[in-house]
Amino acid sequence: MTTTDLAHSTALVTGASRGFGRAVATELTASGARVIGVARHAEPLHELRNQLGNQLLPVVGDATDADLARKLIEEHNPRILVLNAGATPVMGSVREQTWESFSHNWEVDTQHVFHWTREALRLPLAPGSVVIALSSGAVLRGSPLSGGYAGAKAAIRFISAYAAEESRRDTLGIRFIALLPQLTPATDLGTTAVAAYAADEGLDVDTYLQRFQPLLTPQQVGKAIVELSIDAEATSEHELAYLITGTGLHELTS
């Protein structure tokens, strides 16, 4: 891969200031893309701007705001749209949750993917564009201490599949991909979840993490998204979903 693989491409990344989003923005700019990075908090976003230079345009805003999604998609018409924004779930068993805490990820993660996906279809984005939505490996095994997190992330995968079918039906030529990262302590969310699940099993963190070796890194997620963005062989003819672990991408067929 060269630094010009995505030259002259515009990418937009939500939740760009930390974790996977920060790594995605970094890898996309390294591959030549101009990146619009959206995040709630100005300071870490502008720190990223200082790191990446003029290739990053920082936008401070709430990714769950439908008007912001419409405005930025209309203004920039990105070829690559990465829907990464999300909230750290409130950890606790069902009996310890309230409906507000249980539904938190539905209100943030799922709502934001719905708005941005809808606007990508309504504009629509140009043929050959790709929309990559971050779901979670929790979709495959549940997340009993994370409230509605697994369900919210499963809904994201469904939204991506529904949009792929609309693109196919209306010959829009937009690819929609759901990416399901395996649990990793390499993000703030992952650190919180790993500690809770390890404690629930009566294990120390290192012992608990043995089942996830090799551990997934944010850089791997960023590089995978660059790879998926460049992949000219992928089409919008069917649902595309991938689990990503420390060993790489694994296409999901059901």
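Which residues in helix 1 meet which residues in helix 10? I shall answer that from the model shown above, which is a predicted one.

On the side of helix 1, the residues are Gly19, Phe20, Ala23, Val24, Glu27 and Leu28. Their partners in helix 10 are Pro218, Gln219, Val221, Gly222, Lys223, Ile225 and Val226. By character, the residues of this contact divide into eight nonpolar, three polar and two charged. As a general remark, residues three or four places apart in an α-helix point the same way, because there are 3.6 residues a turn.

Let me turn to the geometry of this pair. The axes of helix 1, residues 19-30, and helix 10, residues 218-230, come within 8 Å and cross at roughly 50°. The two helices are therefore oblique to each other. Their crossing is right-handed.

A second packed pair is formed by helix 3, residues 66-76, and helix 5, whose axes come within 9 Å and cross at roughly 35°. This crossing, of helix 3 and helix 5, is right-handed. Ala66, Leu68, Ala69, Arg70, Leu72 and Ile73 in helix 3 meet His115, Trp116, Arg118, Glu119 and Ala120 in helix 5. Here the division is seven nonpolar, one polar and three charged.

Helix 5 spans residues 104-122 and also contains Gln111. At 26% relative accessibility, Gln111 counts as partly exposed. Apart from neighbours within four places in sequence, Gln111 is in contact with Thr64 and Trp106.

Beyond helix 5, the peptide bond from Leu123 to Pro124 is cis, with omega near -20°. Pro124 belongs to the loop between helix 5 and strand 5. Another cis peptide bond joins Gln213 and Pro214, with omega about -10°, and Pro214 sits in the loop between helix 9 and helix 10.

Next, helix 7. Its 21 residues, 149-169, reach 31 Å from the first C-alpha to the last, close to the 30 Å expected at 1.5 Å a residue. Helix 7 is followed by Thr171, in the loop between helix 7 and strand 6. Thr171 is not a glycine, yet has a positive phi of about 50°. Is this residue buried or exposed? Thr171 is exposed, because its relative accessible area is 70%, and the cut-off for exposed is over 50%.

Finally, His8 is likewise not a glycine and has a positive phi, of about 75°. His8 lies in the segment before strand 1 and is exposed, with a relative accessible area of 85%.

Methods:
Residues are numbered from 1 along each chain as its sequence is written. This is a predicted model: local features need pLDDT of at least 70, side-chain atom pairs count only at pLDDT 80 or more; totals for chains, interfaces and linings use all residues. Side-chain values use heavy atoms; hydrogens and water are left out. Helices (H or I, at least four residues) and strands (E, at least two) are DSSP runs, numbered from the N terminus. Buried means under 20% relative accessible area, exposed over 50%, partly exposed in between (1.4 Å probe, protein chains only). Contact means heavy atoms within 4.5 Å. The expected span of a helix is 1.5 Å times one less than its number of residues. Axes are lines fitted to C-alpha atoms, for helices over the stretch in contact, and angles run from 0 to 180 degrees between N-to-C directions. Angles under 35 degrees count as roughly parallel, over 145 as roughly antiparallel, 65 to 115 as roughly perpendicular and the rest as oblique. A crossing is left-handed if the near helix is turned anticlockwise from the far one by less than a right angle, and right-handed if clockwise. Ala, Val, Leu, Ile, Met, Phe, Trp, Tyr, Cys and Pro count as nonpolar, Asp, Glu, Lys and Arg as charged, and the others, Gly among them, as polar.
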